[in-house]
Amino acid sequence: MKIAILGAGNMGLSFSKSFLKYELIKPENLHLITRNESKFPKILEEFPKSKVSTFNNVTELDADLIIIAVKPQDFQYVSENFQFALKENQMVLSIMAGIKIEKIQKLLNHPLVVRAMPNSPTLLGMGITGYTSAKGISFSQLINIERLLNSTGRSVYLENEELLDAVTALSGSGPAYFYYIVDAMIKAGIEMGIEENLSKLFVQQTMLGAYHLINNSDKNLEELIQDVASKGGTTEAALKTFKENNFKEILKNGILNAEKRAKELNG
Ligand SMILES: NC(=O)c1ccc[n+]([C@@H]2O[C@H](COP(=O)([O-])OP(=O)(O)OC[C@H]3O[C@@H](n4cnc5c(N)ncnc54)[C@H](OP(=O)(O)O)[C@@H]3O)[C@@H](O)[C@H]2O)c1
């Protein structure tokens with residue numbers, strides 16, 4: 001299999017690394033396409049055997065799969081300026097937030113489009129990707145794509161494309177919400193007099209341990225909270241402040257707003 005990555009940025013390169021790590025493709029069958037040459041040295045350092053080109057210089061694309069990993073805002077430009085003709089049997093996999101299959105098909109004038117929404121832990125093979133496909137894509141073509149996606153973590157096929165905007169808001173953007181909360185906790189630790197590096201250690205190990213408890217306990221989230229929050233205790237005091245300030249509602253509204261933004265990106 002030959003793969004071209006259009007937009008060799010964070011995600012494009014994370015995907016590339018995973019494909020090579022699991023030997024799903026040979027390095028020489030990977031073609032990385034950037035906007036400008038300044039990125040070449042860094043990319044070639046990591047992918048010395050792969051082909052690297054700039055967008056404006058690609059006149060022919062020898063690939064079975066083209067992964068579109070530019071920002072959604074750059075896609076219009078890409079679709080109006082690509083110099084290569086897409087061949088009938090080439091598959092397109094978009095990981096762009098928001099842009100719908102129908103729009104991609106129309107702008108590229110190509111029917112075989114799969115749309116996926118990964119997230120940043122892809123970098124460690126610990127991502128989660130929701131994906132859906134255009135009609136007319138065979139089961140075996142889809143399985144080939146799923147195999148690639150699974151090298152970056154787990155993947156879930158969704159019949160309903162609308163849900164991909166929800167996935168974008170939930171797991172695509174999700175790591176940032178987590179970092180935001182971790183950061184607030186670390187800052188609280190510092191404010192209470194704990195050194196920054198120690199505050200980081202306390203918070204990060206707490207998150208890791210709590211994550212494993214979620215995964216390994218028969219208790220639901222409410223019960224797990226109750227286990228920590230004894231009556232009249234310290235946790236209860238914190239939870240009371242969260243409740244009074246509608247913290248849960250605020251978080252939920254933020255996520256719904258991310259979904260709204262994903263829908264706007266389709267234009
Ligand atoms: N980051 C995430 O956690 C995440 C999660 C899920 C989905 N996504 C989706 O993944 C896509 C990429 O995100 P990212 O975080 O990887 O962004 P990024 O690091 O900015 O990568 C995008 C890359 O595309 C390049 N590019 C722009 N126009 C191009 C062109 N005409 N030809 C070739 N390359 C071009 C950019 O080049 P320059 O360096 O010159 O700007 C950049 O390297 C987005 O559509 C995003 O919605 C991201």
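A pocket, as the word is used here, is an open set of grid points with protein on both sides within 12 Å along at least five of seven lines, and its lining residues have an atom within 4 Å of a point. With that in hand, the second largest pocket of this predicted model can be taken apart piece by piece. Its volume comes to about 1300 Å³, and 41 residues make up its lining. Sitting nearest the centre of the pocket are Gly9, Asn10, Ala69, Val70 and Lys71.

Which helix hands over the largest share of that lining? It's H1, with 6 residues. H1 has company, though: S2, H2 (40-46), H3, H6 (163-172) and H11 (247-265) also chip in at least two residues each. Sorted by class, the lining of this pocket splits into 21 nonpolar, 12 polar and 8 charged residues.

So much for the walls; next comes the guest. The space that the ligand takes up is this second largest pocket. Around the ligand there are 24 residues, and the ones that come nearest are Asn10, Met11, Arg35, Lys39 and Val70. Asn10 and Val70 also turn up among the residues nearest the centre of the pocket. In the shell around the ligand, H1 (10-21), S2 (30-34) and H3 (72-81) each provide at least two residues. Here it is H3 that gives the most, namely 3 residues. As for the make-up of this shell, 13 of its residues are nonpolar, 7 are polar and 4 are charged.

A few atom pairs show how the ligand meets the protein. The side chain of Lys39 has an N or O atom 2.3 Å from an oxygen atom of the ligand. At Met11, a polar backbone atom is 2.7 Å from a ligand oxygen. The backbone joins in at Ala97 too, where an N or O atom lies 3.0 Å from an oxygen atom of the ligand. How much of the ligand does the protein bury? On its own the ligand exposes 880 Å², and 83% of that is buried by the protein.

Finally, there is a closed space to look at. The count gives 1 cavity of 30 Å³ or more, and the largest cavity holds about 50 Å³ of space. Its lining is made of Leu6, Ile66, Ile68, Val78, Phe82, Phe84, Leu86, Val92 and Leu108. Which classes of residue are found in this lining? The tally is 9 nonpolar residues, with no polar and no charged ones. The lining of the second largest pocket, by contrast, includes 12 polar and 8 charged residues.

Notes
Residues are numbered from 1 along each chain as its sequence is written. This is a predicted model: local features need pLDDT of at least 70, side-chain atom pairs count only at pLDDT 80 or more; totals for chains, interfaces and linings use all residues. Side-chain values use heavy atoms; hydrogens and water are left out. A residue is near a molecule or strand if one of its heavy atoms lies within 4 Å of it. A polar contact is a pair of N or O atoms within 3.5 Å; within protein, one must be able to donate a hydrogen and the other to accept it, and residues adjacent in sequence count only if both atoms are side-chain atoms. Accessible areas come from the Shrake-Rupley method with a 1.4 Å probe; for residues, only the protein chains shown count as cover. On a 1 Å grid over the protein atoms alone, a cavity is a set of points where a 1.4 Å probe fits but cannot get out, and a pocket is an open set with protein on both sides within 12 Å along at least five of seven lines; lining residues have an atom within 4 Å of a point. A molecule sits in a cavity or pocket if more than half of its atoms lie within 2 Å of its grid points. Helices (H or I, at least four residues) and strands (E, at least two) are DSSP runs, numbered from the N terminus. Ala, Val, Leu, Ile, Met, Phe, Trp, Tyr, Cys and Pro count as nonpolar, Asp, Glu, Lys and Arg as charged, and the others, Gly among them, as polar. Grid points are joined across faces, edges and corners, and a volume is the space filled by probe spheres set on the points.
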